[in-house]
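Dear colleague,

I am handing over the structure below, and I would be glad if you could look through it with the notes that follow beside you.

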Amino acid sequence: MEFGTDFLKLGTDQLKDLYQELQEKYNEFKSQNLKLDMSRGKPCPEQLELSMEMLDILKSDEQIIAIDGADCRNYGGVDGILEAKELFAQILGVSTKEIILGGNSSLNMMFDTLSRAMLFGVRKGEMPWGKLPKVKFLCPSPGYDRHFAICELLNIEMITIDMNHDGPDMDTIEMLVREDDSIKGIWCVPKYSNPDGTTYSDEIVDRLSCMKTKARDFRIFWDDAYTVHHLTDTPDQLKNILAACKTAGYPNRVYMFSSTSKITFPGSGVAMLATSEENVNSIKKQLGIQTIGPDKINQLRHVRFLQSLDNLNVHMKKQAAIIKPKFDLVLHHLEVDLGGKNIAVWSKPNGGYFISLNTLDGCAKEVVNMAAQIGVTLTNAGATYPYGKDPRDRNIRIAPTFPSIHELKLAINVLCVCVQLISIKKILGGSIR
């Protein structure tokens, strides 16, 4: 059969013959007792090796003192050390007065920020969200499963918003927030989004920053996790949301989050939260009760290792050199095995950690389950939607970074075979046995 043959134009007998060929390939993979995992976007060992010098950068015979004289071994500095704030504020395009540094997990900072809103509200005089009859969040989807898990745990109702090529469906968002004051926020992964790889356009950023909301305490949770994670020398550009909110007259509207988790060590990184000075001052008061300070030694070694934004960008090019061949491999096999067959479409991201694959409607769960039966673990179908329910059962998130090239090639070949087998069953109405 010719490359790129449209499955929807094949006759029943042709499809059945092709199914038998693909089934033989599937059985060959099954006999290999595979154990491959593409379920999470983790850095591979080679990426982690790039930061090993950081472990030796602080010596026991030197003073561990920040530039403002603070002893990093001791208590204090609830919002982070000054030199770390100066470096990481540049990543998010904010001032040192608009950023708080924490421990290793930006997800932890997101959870805490939303939990504080539930307990205390987001500004003085506003009702704590947890005391309201109902709290709703807008969830552009496909999106990040851990955002949705936080909402589910806190009993926040989620509203699925479709993602377009330039960001979330703003017409729907603007209509909903204008009419419903129980909608208190929106989750956004604005650059190289998880999993589509979409970067929000300037228009989307402007509309989010200036839209009229019935809830006075509406907040944008802006998870800029992949802001420096480019795969090419022509990175996507993202407009500064905090600056846009200030211009629109809503300086307190956004919380920006990021971290060094995929820059250095995921288990020992530095997380950051950027927002208005008013919000920062309010959060610091609450943090002063929650903690006596983050790991300042870790912040200091990050600064001494990364040194400057220019050096950080050089470091990220080394990261890209390791993972881009993996993305290229996946995209090549998707094109060779699925291209032109009218059974799947996929993203071609310019950065980030994922490739988003859409099958025919109603096929994703079966594909994931079929791959799992022969030892290839993918992110659960539906995980990229609120409550784990993809309304069209078509989205599969591919995480290419962690497996070796050899493992990745095997895994993507298995995935492509499974997509074709399940697609034929779908086209033939399940008549294949």
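**What was found**

In this predicted model, the end C-alpha atoms of residues 12-39 lie 34 Å apart, and the span is 68% helix and 11% strand. That span is the one covered by the annotation "coiled-coil region", which comes from an unreviewed UniProt entry.

Turning to the aromatic side chains, the structure holds nine aromatic pairs. One of them joins Phe137 and Trp187, whose ring centres are 5.8 Å apart with the planes at 50°, so this pair is tilted. The two residues belong to distant parts of the chain, since Phe137 is in strand 3 (residues 136-141) and Trp187 is in strand 6 (residues 183-188), 50 residues apart. Phe137 is buried, with a relative accessible area of 0%, and Trp187 also counts as buried, at 3% relative accessibility. Phe137 forms an aromatic pair with Phe221 as well, and this one is edge-to-face, with 5.5 Å from centre to centre and 65° between the planes. Because Phe137 lies in strand 3 and Phe221 in strand 7 (residues 219-223), the pair ties together parts of the chain that are 84 residues apart in sequence. Phe221 is buried too, with a relative accessible area of 0%. Ring pairs link these residues into a cluster that consists of Trp129, Phe137, Trp187, Phe221, Tyr255 and Phe257.

Charged side chains also meet rings in two places that you may wish to look at: Lys42 lies over the face of Phe402, at 4.4 Å from the ring centre, while the charged end of Arg253 sits over the ring of Tyr250, 4.0 Å from its centre.

As for internal space, the count comes to three cavities of 30 Å³ or more. The largest cavity holds about 90 Å³ of space, and of the 13 residues that line it, the closest to its centre are Pro140, Pro142, Gly143, Val189 and Asn194. Helix 5 (145-153) and strand 6 are the elements that give two or more residues to this lining, which by class has nine nonpolar, four polar and no charged residues.

The second largest cavity holds about 50 Å³ of space, and its lining includes Gln47, His229, His230, Lys262 and Tyr353. Helix 11 (residues 309-338) gives the largest share of that lining, four residues. By class, the lining of the second largest cavity has five nonpolar, five polar and one charged residues.

With best wishes

Notes: Residues numbered from 1 in each chain as written. Predicted model: local features only at pLDDT ≥ 70, side-chain atom pairs only at ≥ 80, totals over all residues. Heavy atoms only, no water. UniProt positions renumbered as here; feature names shortened; annotations may be inferred. Phe/Tyr/Trp six-rings, centres within 6.5 Å; stacked < 30°, edge-to-face > 60°. Buried < 20%, exposed > 50% of the residue type's maximum accessible area, 1.4 Å probe, protein only. Lys NZ or Arg CZ within 6 Å of the ring centre and 35° of its normal. 1 Å grid on protein atoms, 1.4 Å probe; cavity = no way out; pocket = protein on both sides within 12 Å on 5 of 7 lines; lining within 4 Å. Points joined across faces, edges and corners; volume = space filled by probe spheres on them. Nonpolar A, V, L, I, M, F, W, Y, C, P; charged D, E, K, R; others polar.
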